[in-house]
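Here is a short tour of the model, written for someone who likes to check the numbers alongside the coordinates. Have the viewer open and follow along.

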Amino acid sequence: MTIISWIILGLLAGAIAKFLLPGRDPGGLVGTTLIGVAGAFIGGWISSRWLDHPIRKDFYDGTTWVAAIGGSLVLLIAYRILFGHSRD
């Protein structure tokens, strides 16, 4: 996959993570999508590095999507823990 594919995957993974974890985010829509892109990269890296699942070149690989959404969820939860009370 190219870098553009990872960015698109990250945007979609961020939207899915936001759907799975609703609520107010300190960064809003832009922050959530950036977390989705970063989560896709981190989830893919963790999947290939420690879970012994190499990243496929196919955009429609289910494991790649799960890793990207999982990475986005982890980053979104961490972001809410660190900065969640800044908009109260």
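A nonpolar core, as the term is used here, is a set of buried Ala, Val, Leu, Ile, Met, Phe, Trp, Tyr and Cys residues joined through side-chain atoms within 4.5 Å. With that in hand, please keep in mind that this is a predicted model. The largest nonpolar core consists of seven residues: Trp6, Leu9, Ala13, Ala40, Trp65, Ala68 and Ile69. Two helices, α1 (3-20) and α3, each contribute at least two residues to this core.

**Overall layout**

The protein holds three helices and zero strands, and the order along the sequence reads α-α-α. Of its 88 residues, 34% are buried. If we look at contacts with a separation of 6 or more, 78% are between residues 24 or more positions apart. The accessible surface of the protein amounts to about 5600 Å², and carbon and sulfur atoms account for 71% of that.

**The largest pocket**

Next, let us turn to empty space. Rolling a probe the size of a water molecule over the atoms shows where such space is left. The largest pocket has a volume of about 180 Å³. Its lining has 13 residues, and those closest to the centre of the pocket are Gly43, Ile46, Ala67, Gly70 and Gly71. The elements that give two or more residues to this lining are α2 (28-49) and α3 (62-83). Which helix gives the most to the lining of the largest pocket? That is α3, with seven residues. Sorted by class, the lining has seven nonpolar and six polar residues, and no charged ones.

**Three residues to look at**

Each of the residues below can be picked out in the viewer, together with a partner that is distant in sequence.

| Residue | Partner | Separation in sequence | C-alpha to C-alpha distance |
|---|---|---|---|
| Ser72 | Ala17 | 55 residues | 6.1 Å |
| Ile8 | Ala40 | 32 residues | 9.5 Å |
| Ile35 | Ser72 | 37 residues | 6.1 Å |

Let us begin with Ser72, which sits in helix α3. Is Ser72 buried or exposed? Ser72 has a relative accessible area of 1%, so it counts as buried, the cut-off for that class being under 20%. Leaving aside residues up to four places away in sequence, Ser72 touches Ala13, Gly14, Ala17, Ile35, Gly36, Gly39 and Ala40. Two of these partners, Ala13 and Ala40, also belong to the largest nonpolar core.

Ile35 is part of helix α2. Its relative accessibility is 12%, and therefore Ile35 is classed as buried. Which residues does Ile35 touch, not counting those up to four places away in sequence? The answer is Ser72, Leu75, Leu76 and Tyr79. The pair formed by Ile35 and Ser72 is also listed in the table, with 6.1 Å between the C-alpha atoms.

Ile8 belongs to helix α1. Because its relative accessibility is 41%, Ile8 is counted as partly exposed, a class that lies between the 20% limit for buried and the 50% limit for exposed. The C-alpha atoms of Ile8 and Ala40 are 9.5 Å apart, and Ala40 is one of the residues of the largest nonpolar core.

How values were computed. Residues numbered from 1 in each chain as written. Predicted model: local features only at pLDDT ≥ 70, side-chain atom pairs only at ≥ 80, totals over all residues. Heavy atoms only, no water. 1 Å grid on protein atoms, 1.4 Å probe; cavity = no way out; pocket = protein on both sides within 12 Å on 5 of 7 lines; lining within 4 Å. Points joined across faces, edges and corners; volume = space filled by probe spheres on them. Helix = DSSP H or I, 4+ residues; strand = E, 2+ residues; numbered from the N terminus. Nonpolar A, V, L, I, M, F, W, Y, C, P; charged D, E, K, R; others polar. Buried < 20%, exposed > 50% of the residue type's maximum accessible area, 1.4 Å probe, protein only. Contact = heavy atoms within 4.5 Å. Areas by Shrake-Rupley, 256 points an atom, 1.4 Å probe, with all protein chains shown as cover.
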